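Me: I am new to reading protein models, and I would like a close look at one part of this one. Could you take me through the loops that join its elements, slowly and with each term explained?

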Amino acid sequence: MRRANHDKITAPNLGPCPNCEELMISHRVCPACGQYRGREVVAVAQD
Ligand SMILES: [Zn+2]
C-alpha cells in the first residue's frame, strides 16, 4: 500500500492579528476585525 503525504495537512499559520491581536490565520483577513494588512477588507458587524 502506497501512502503519500495524504493525512499530513499543512498547519495553518496562526498568529495574533496585528490590529486587534485576536488569534487568526496569517495572511488571511482577520475574522474578528475584518482587517488585512492595515486595510479593512471585510465589513464586520459592530454594535
Ligand atoms: Zn483583527
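Reply:

**A close look at the loops**

R28 counts as exposed because it has 12 C-beta neighbours inside 10 Å; here a residue is called exposed if 12 or fewer other C-beta atoms lie within 10 Å of its own, buried if there are 20 or more, and partly exposed in between, with the C-beta atoms placed from the backbone. What you are looking at is a predicted model, in which local features need pLDDT of at least 70 and side-chain atom pairs count only at pLDDT 80 or more, while totals for chains, interfaces and linings use all residues. Residues are numbered from 1 along each chain as its sequence is written.

To place the loops, begin with the elements: the protein chain has four strands and zero helices, and from the N terminus on they run β-β-β-β. Both kinds of element are DSSP runs numbered from the N terminus, a helix being H or I over at least four residues and a strand being E over at least two.

R28 lies in the loop between strand 2 (23-25) and strand 3 (35-36), and its C-alpha is 15 Å in space from that of V44, a residue 16 positions away in sequence. H27 is found in that loop between strand 2 and strand 3 too, and H27 is exposed because 10 C-beta neighbours are inside 10 Å. The phi angle of H27 is near 60°, a positive value in a residue other than glycine.

The loop between strand 1 and strand 2 holds E21, whose phi is near 65°, again positive in a residue other than glycine. E21 is exposed, because 12 other C-beta atoms are within 10 Å.

In the loop between strand 3 and strand 4 sits G38, which is exposed because it has 7 other C-beta atoms within 10 Å. G38 and N19 are 19 residues apart in sequence, yet their C-alpha atoms are 7.3 Å apart in space.

For the chain around these loops, buried residues make up 6% of the 47 residues, and the C-alpha atoms fill a box of roughly 55 × 20 × 15 Å along the principal axes.

A last point is confidence, given as pLDDT, the predictor's confidence in each residue from 0 to 100. The mean pLDDT of the protein chain is 80, and 94% of its residues reach 70 or more. Among the elements, strand 1 (residues 14-16) has the highest mean pLDDT, 90, and strand 4 (residues 39-40) the lowest, 76. Where pLDDT is low, the predicted coordinates should not be read in detail.
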